[in-house]
Amino acid sequence: MTHTVVKKTSLTLLGLGAMGTALARAWLAAGHPLTVWNRTPARAAALADAGARVADSAADAVAANGLVVLCLLDDASLDQALAGADLTGKDLVNLTTCTPAEARARAAWAEGRGARYLDGGIMAVPPMIGRPQAGGYVFYSGPRAVFEEHRHTLGVPAGTTYVGEDAGFAALHDVALLSAMYGMFAGAAHAFALIREEDIDPTVFAPLLADWLVAMAPSVHLTAAQLSGGDYTKGVVSRLAMQVAGVPTFLRTAEQQGVDPQLIAPYFALMRRRLAEGGEDEDLTGVVDLLRR
């Protein structure tokens, strides 16, 4: 009987903050030979005990393997870490948080130094790494051939979602989703503020709020379809004119509850502006275009 042994890809990881350490442990647990480096060497001690090779410098770590993953503080930290490294023939996977423009510039920078480049946007927190059931994943963008070559290895810590050849797309998807998240948090904060001084238990109110947000979430599909088709009146259930008519009630309620409306007032202002421009039969999709002007 023949047994096929699958050789695990060896790789280098620069950066051992909370996320970097979680990534390292996931690769080590899966049997991947791993070389690590961190500006503060003490953070690597526990990983050395787990089987990682600790490099003396970032340049030495880069030299050790063809696949080099970066999980540093910011884009400037990457420049500092790789200043003395030979990147010729390396595949760089940058999981450092950056903007789309920074990712595109970094891709050109890497190409100029003889490396191939993938950018990544991590949609997870450290406790989700290495736990497929937690649902975490990473956006990747850049040359598809590079992504496909390393897909299995990159998929060890978390799921992978490839979003295009443009190196900036991973960061753009990352920030777009997180922006929506913070918008949701803002609405939830306003909702809790409204009930804060009343005889309403926040823990009883929270399930109602969560269920309502889940019920409203599918509306993004209508927005997407309207943006794609160009007809902002198609499929509308609640006309903008009707929604704007209700705005004073929200603002008066906030005033009467002693709540500052600063989290929702700007959105209401955009709704009113779109209505004034003739969007009374639309839903809320026209606000997207106002934000782009």
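**Entry 1: the largest pocket**

I began with the lining of the largest pocket and sorted its residues by class, which gave 33 nonpolar, twelve polar and one charged. The model I am reading is a predicted one, and I keep that in mind for each entry below. For the volume of the largest pocket I noted about 2,200 Å³ of space. The lining consists of 46 residues, and those closest to the centre of the pocket are Leu213, Met216, Ser219, Tyr267 and Leu284. I then looked up which elements give two or more residues to this lining, and found helix H7 (169-195), helix H8 (202-216), helix H9 (219-229), helix H11 (247-256), helix H12 (265-276) and H13. H7 provides the largest share, with twelve residues.

**Entry 2: the second largest pocket**

I turned next to the second largest pocket, where about 300 Å³ of space lies. I listed 16 lining residues, of which Met19, Thr97, Ile122, Ala124 and Asp174 lie nearest the centre. Two elements, strand S6 (116-123) and H7, each give two or more residues to the lining of this pocket, and the largest share, four residues, comes from S6. By class I recorded eleven nonpolar residues, four polar and one charged.

**Entry 3: helix H7**

As H7 contributes to the lining of the largest pocket and also to that of the second largest, I looked at the helix by itself. I checked its length against expectation: at 1.5 Å a residue, the 27 residues of H7 should span 39 Å, and the end C-alpha atoms are 40 Å apart, which agrees. I noted the buried residues of H7 as Ala170, Ala171, Asp174, Ala188, His190, Ala191 and Ile195. Asp174 is thus on the buried list, and it is also among the residues nearest the centre of the second largest pocket. Which elements do the buried residues of H7 pack against? I found helix H5 (100-112), S6, strand S7 (137-141), H8 and H11.

**Entry 4: salt bridges**

I counted ten salt bridges in the structure, keeping in mind that side chains of opposite charge can pair when their charged atoms come close. One of them joins aspartate 91 to arginine 116, with the closest N and O atoms 2.7 Å apart. Aspartate 91 lies in strand S5 (residues 91-94) and arginine 116 in strand S6, so this pair ties together parts that are 25 residues apart in sequence. Are the two partners buried or exposed? Aspartate 91 has a relative accessible area of 6% and is therefore buried, whereas arginine 116, at 35% relative accessibility, counts as partly exposed.

Arginine 116 also meets the side chain of glutamate 149 in a salt bridge (2.8 Å, N to O). Glutamate 149 lies in helix H6 (residues 144-154), so its pairing with arginine 116 in S6 ties together parts that are 33 residues apart in sequence.

I then followed the salt bridge between arginine 239 and aspartate 281, whose closest N and O atoms are 2.9 Å apart. Arginine 239 lies in the loop between H9 and helix H10 (240-245) and aspartate 281 in the loop between H12 and H13, so here the pair ties together parts that are 42 residues apart in sequence. Arginine 239 is partly exposed at 37% relative accessibility, and aspartate 281 is partly exposed with a relative accessible area of 39%. I also noted a network of salt bridges that links Asp75, Asp79 and Arg106.

**Entry 5: leucine 87**

I located leucine 87 in the loop between helix H4 (75-81) and S5, and with a relative accessible area of 1% it is buried. What is leucine 87 in contact with, leaving aside its neighbours within four places in sequence? I listed Val62, Leu82, Leu92, Trp109, Arg113, Gly114 and Ala115. Leucine 87 and glycine 112 are 25 residues apart in sequence, and I noted a C-alpha to C-alpha distance of 9.5 Å for this pair.

**Entry 6: valine 287**

Last, I looked up valine 287, which lies in helix H13 (residues 286-291) and is buried, with a relative accessible area of 5%. Leaving aside neighbours within four places in sequence, valine 287 is in contact with Tyr267, Leu270 and Met271. Of these contacts, I had already met Tyr267 among the residues closest to the centre of the largest pocket. Valine 287 and arginine 273 are 14 residues apart in sequence, with 8.6 Å between their C-alpha atoms.

Methods: Residues numbered from 1 in each chain as written. Predicted model: local features only at pLDDT ≥ 70, side-chain atom pairs only at ≥ 80, totals over all residues. Heavy atoms only, no water. Buried < 20%, exposed > 50% of the residue type's maximum accessible area, 1.4 Å probe, protein only. Contact = heavy atoms within 4.5 Å. 1 Å grid on protein atoms, 1.4 Å probe; cavity = no way out; pocket = protein on both sides within 12 Å on 5 of 7 lines; lining within 4 Å. Points joined across faces, edges and corners; volume = space filled by probe spheres on them. Nonpolar A, V, L, I, M, F, W, Y, C, P; charged D, E, K, R; others polar. Salt bridge = Lys/Arg side-chain N within 4 Å of Asp/Glu carboxyl O. Expected span 1.5 Å × (residues − 1).
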